[in-house]
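Hi everyone, thanks for coming. I'd like to walk you through a structure I've been looking at, so have a look at the picture and then we'll go through it piece by piece.

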Amino acid sequence: MTSLSATAAAAATNAATRLLPSVTTSASAARLSYRSTVSFSSLRSSTRLSQFFLPQTQKNSFRRFSTGRIGYSTVSSPKCAASDPEQLKSAREDIKELLKTKFCHPILVRLGWHDAGTYNKNIEEWPQRGGANGSLRFEIELKHGANAGLVNALKLLQPIKEKYSNVTYADLFQLASATAIEDAGGPKLPMKYGRVDVSGPEQCPEEGRLPDAGPPSPASHLRDVFYRMGLNDKEIVALSGAHTLGRSRPDRSGWGKPETKYTKDGPGAPGGQSWTVQWLKFDNSYFKDIKERRDEDLLVLPTDAAIFEDPSFKEYAEKYAVDQDAFFKDYAEAHAALSNLGAKFDPPEGFSLDDSSPAGQPEMFVAAKYSTGKVRVEQYLL
């Protein structure tokens with residue numbers, strides 16, 4: 001999970017601290033180091049360019065998370081090797097199980113987007129250029145206002161990272177994001193893997209590279225941010241469509257209603273305001289609903305409105321509202337392009353995962369079945 005300015009919907013605490021341990025050459029160094037004095041507040045939604053790229057007005061509450069000392073260890077790591085393909089495949093299956101029980105699709109999409117969305121095409125050097133390099137695992141970057149609550153996404157993925165030590169954070173973040181889109185009914189994404197991780201917090205990008213939800217000139221702001229990444233108008237609008245997933249909460253982001261008829265029963269912690277009726281289903285309903293604006297229970301942010309007000313954006317938004325196949329095609333390409341921004345691959349060309357499934361596979365879990373029901377999920381929401 002989008003004009004990428006308006007988009008994580010539900011669930012993420014304001015704690016913006018580094019939960020995941022850095023990759024180290026020692027298995028024991030990657031073990032979680034808990035302190036009994038550390039507590040995590042319940043997951044909350046964050047809306048930033050969808051929940052994926054939206055501003056958070058509430059400040060993050062830190063428990064003095066110090067690098068490598070409190071909470072999850074964040075000791076700087078030596079240069080990482082490329083991910084192991086077989087471990088990536090296994091990690092993907094574990095992510096599917098996580099999605100099935102935690103309904104965390106939006107926040108995982110947002111995690112991948114925020115790690116990649118710091119890319120600056122005008123900077124050639126890696127990792128100074130930002131992008132998909134796993135830097136979001138460090139406290140200094142988690143403190144950025146746009147990343148409020150993503151500590152919870154890291155917490156969700158930590159057991160998987162522990163289990164598959166030969167998967168880089170950069171790959172894990174993008175794998176989780178892509179898997180969440182596909183599991184929610186979205187298109188198959190042409191992903192590649194082999195991203196190298198940054199090794200320490202000093203390699204994190206400065207704050208301010210991610211889009212905002214309510215700037216004075218929404219269309220100009222979107223172009224300023226996404227053109228800097230090397231993306232175009234079509235990709236901006238296609239990515240905005242990921243707002244079909246998730247919710248926004250006013251007490252945490254400053255946007256949306258406390259609850260609506262579509263969110264009062266969850267799943268996960270009830271409440272918030274969604275962009276669409278079935279906010280765990282990936283389809284083109286975002287464009288239909290933004291265009292019609294007939295339902296006051298559905299959220300429309302300034303950056304959402306801009307895609308039907310700006311002449312160039314509107315061309316694509318109108319198309320996607322009536323042609324879901326066209327939207328899926330363009331979204332798949334845009335998501336894959338975003339996931340590769342700024343990344344350094346090993347091998348240099350990257351590699352794809354074998355997506356064939358064995359015969360007799362059970363029916364795929366469809367998250368959308370739960371987005372308007374009365375299902376409750378303990379602890380985690382979107």
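**A walk along the chain**

Okay, let's start with the overall layout. The chain has 12 helices and two strands. Keep in mind that this is a predicted model, so please hear everything I say as a description of that prediction. If you go along the sequence and write down each element as it comes up, you get α-α-α-α-α-α-α-β-α-β-α-α-α-α.

How much of the chain is buried? Of the 382 residues, 61% are buried. On the outside, the chain exposes about 14,400 Å², and carbon and sulfur atoms supply 48% of that area.

Now let's zoom in on two helices. Helix α5 covers residues 169-183, and its axis comes within 11 Å of the axis of α12. The two axes cross at roughly 170 degrees. Are α5 and α12 roughly parallel or roughly antiparallel? The cut-off for roughly antiparallel is over 145 degrees, and therefore α5 and α12 count as roughly antiparallel to each other. And if you care about handedness, the crossing of α5 and α12 is right-handed.

**Rings and charges**

Next up, the aromatic side chains. How many aromatic pairs does a search of the whole structure find? The search turns up 10 of them. Before I show you some, a quick reminder: a pair of aromatic rings is described by the distance of the centres and the angle of the planes.

Take F287 and F327. Their ring centres are 5.0 Å apart and their planes sit at 75 degrees, so this pair is edge-to-face. What I like here is that the pair links distant parts of the chain: F287 belongs to helix α9, residues 285-292, while F327 belongs to helix α12, residues 324-340, and the two are 40 residues apart. Are they buried or exposed? F287 is buried, and F327 is buried as well.

F327 has another ring partner, Y320. Here the centres are 5.6 Å apart with 50 degrees between the planes, and the pair is tilted. Y320 is buried, just like F327.

Step back a little and you'll see that these rings belong to a cluster. Ring pairs link F282, Y286, F287, Y320, F327, F328 and Y331 together. Try picking those seven side chains out on your screen.

Rings can also have a charge sitting over them, and I've got two examples. The charged end of K161 sits over the ring of Y169, 4.8 Å from the ring centre. In the other example, K192 puts its charged end over the ring of F345, at 4.4 Å from the centre.

**Odd spots in the backbone**

Let's move on to the backbone. Most residues other than glycine have a negative phi, and most peptide bonds are trans. So where does this chain do something else?

For peptide bonds, I have two places to show you. W126 and P127 are joined by a cis peptide bond, with omega about 5 degrees. You'll find P127 in the loop between α2 (105-116) and α3 (139-142). The bond from D346 to P347 is cis too, and its omega is near 10 degrees. P347 is in the segment after α12.

For phi, look at F103, which isn't a glycine but has a positive phi of about 55 degrees. F103 lies in the loop between α1 (85-102) and α2, and with a relative accessible area of 5% it is buried. Then there's R293, again not a glycine, with a positive phi near 50 degrees. R293 is in the loop between α9 and α10 (302-309). Its relative accessibility is 46%, so R293 counts as partly exposed.

**Two residues in loops**

Last stop: two loop residues that come with a partner from elsewhere in the sequence. A132 is in the loop between α2 and α3, and it is buried, with a relative accessible area of 0%. Along the chain, A132 and D171 are 39 residues apart, yet their C-alpha atoms are separated by 8.1 Å.

The other one is L210, in the loop between α5 and α6 (218-228). L210 is buried, with a relative accessible area of 9%. How far apart are L210 and V225 in space? C-alpha to C-alpha, the distance is 6.9 Å, and in sequence they are 15 residues apart.

That's my tour. Any questions?

Conventions
Residues are numbered from 1 along each chain as its sequence is written. This is a predicted model: local features need pLDDT of at least 70, side-chain atom pairs count only at pLDDT 80 or more; totals for chains, interfaces and linings use all residues. Side-chain values use heavy atoms; hydrogens and water are left out. Rings of Phe, Tyr and Trp (its six-membered ring) pair if their centres lie within 6.5 Å; planes under 30 degrees apart count as stacked, over 60 as edge-to-face and the rest as tilted. Helices (H or I, at least four residues) and strands (E, at least two) are DSSP runs, numbered from the N terminus. Buried means under 20% relative accessible area, exposed over 50%, partly exposed in between (1.4 Å probe, protein chains only). A charge sits over a ring if NZ of Lys or CZ of Arg is within 6 Å of the ring centre and within 35 degrees of the ring normal. Accessible areas come from the Shrake-Rupley method with a 1.4 Å probe; for residues, only the protein chains shown count as cover. Axes are lines fitted to C-alpha atoms, for helices over the stretch in contact, and angles run from 0 to 180 degrees between N-to-C directions. Angles under 35 degrees count as roughly parallel, over 145 as roughly antiparallel, 65 to 115 as roughly perpendicular and the rest as oblique. A crossing is left-handed if the near helix is turned anticlockwise from the far one by less than a right angle, and right-handed if clockwise.
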